[in-house]
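Please read this short report beside the structure. Keep the sequence at hand as well.

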Amino acid sequence: MHLEHILYYLTDHNNDLVVTRFLLSFTQPGERRLWKGDAMVDLSRRGILTGSWRSANRGIRPPWIMEASQFLSQCTRCDACIQACEHDVLQRGPGGYPSVNFQQSECTFCYACAQACPESLFSPRHTRAWDLIFTIGQACLAYQSVECRRCQDSCELQAILFRPTLSGIYQPQLDNQNCNGCGACVASCPVSAITAEYNHAH
C-alpha cells in the first residue's frame with residue numbers, strides 16, 4: 001500500500017493522532033511534499049503538526065464504496081464514474097479521486113457510476129449505498145427564527161420533521177435512521193446548513 005493510501009485510510013477513520021505520529025516517524029526537519037493526483041500535501045514537520053494535510057483527505061466517496069483502503073488502492077482516477085453520473089453529484093475531489101458534492105445535486109442511486117467503473121470497486125446494488133450522518137447546523141434559517149422547510153419538502157422518506165417550539169417557529173429534527181443518504185436536503189438548503197459525514201460509530 002502506498003503512503004497516500006495509508007494517509008487516506010487513517011484520516012478516513014478519524015485517527016488524526018495516529019496519522020500525525022505515522023508521518024512524523026519518517027519525516028525529517030525541512031520541507032517534504034507528496035503529490036496526490038492534482039493535489040499536493042505538505043508533509044513538512046510544520047505541515048504535519050499544524051494539520052494542513054487534512055484538507056486533502058476529506059470527502060464522501062461514491063455510493064457503494066465502503067472501504068477507503070480498497071478504494072484508494074484500486075481506483076485509477078479515470079473519471080468514468082464521474083462522467084456516468086447523470087445528476088453531476090460526483091466530481092473530482094482531493095487527490096483526483098471521485099467525490100460526492102451534495103451541494104450540486106442529490107444522489108438518485110441509479111448505479112450508473114458503479115456500472116461505468118472498470119475496476120471491482122463497488123458493492124452490489126442491493127447493499128446499503130452509504131453509512132452517513134447528516135447534521136443541521138446553526139446556520140439553519142429555522143434556528144434564526146425564519147420560517148423555512150425546504151429540507152423537509154425535499155426529503156421523500158420524511159427523515160426530517162419540524163417540531164413546534166415556544167418561540168412559535170418550527171425547528172427541524174433529523175432522523176438519520178430513516179435517512180437513505182441521498183443528500184437532497186443538502187442541495188435544497190438555501191444557506192448550506194446541512195452537512196454529511198461518515199458514521200464512524202459503525
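What follows covers the whole chain, its confidence and two cysteines.

This is a predicted model, in which local features need pLDDT of at least 70, side-chain atom pairs count only at pLDDT 80 or more, and totals for chains, interfaces and linings use all residues. Residues are numbered from 1 along each chain as its sequence is written, and side-chain values use heavy atoms, with hydrogens and water left out.

The protein chain has eight helices and eight strands. These are DSSP runs (helices: H or I, at least four residues; strands: E, at least two), numbered from the N terminus. Of its 202 residues, 45% are buried. Buried means under 20% relative accessible area, exposed over 50%, partly exposed in between (1.4 Å probe, protein chains only).

How confident is the predictor? pLDDT gives its confidence in each residue, from 0 to 100. The mean for the protein chain is 79, and 70% of its residues reach 70 or more. Over residues 26-48, pLDDT stays under 50. Residues 52-57 also stay under 50. Where pLDDT is low, the predicted coordinates should not be read in detail.

UniProt, in an unreviewed entry, places a "binding site" at Cys179, Cys182, Cys185 and Cys189. Such annotations may be inferred rather than shown by experiment; feature names are shortened and positions follow the numbering used here.

Cys182 lies in the loop between β7 (171-174) and α8 (184-188). Cys185 sits in helix α8. Contact means heavy atoms within 4.5 Å. The table leaves out contacts with residues up to four places away in sequence.

| Residue | Relative accessible area | Contacts |
|---|---|---|
| Cys182 | 15%, buried | Phe102, Glu106, Cys107, Phe109 |
| Cys185 | 10%, buried | Phe134, Cys151, Ser154, Ile160, Ile194 |

Conventions
pLDDT is the predictor's confidence in each residue, from 0 to 100.
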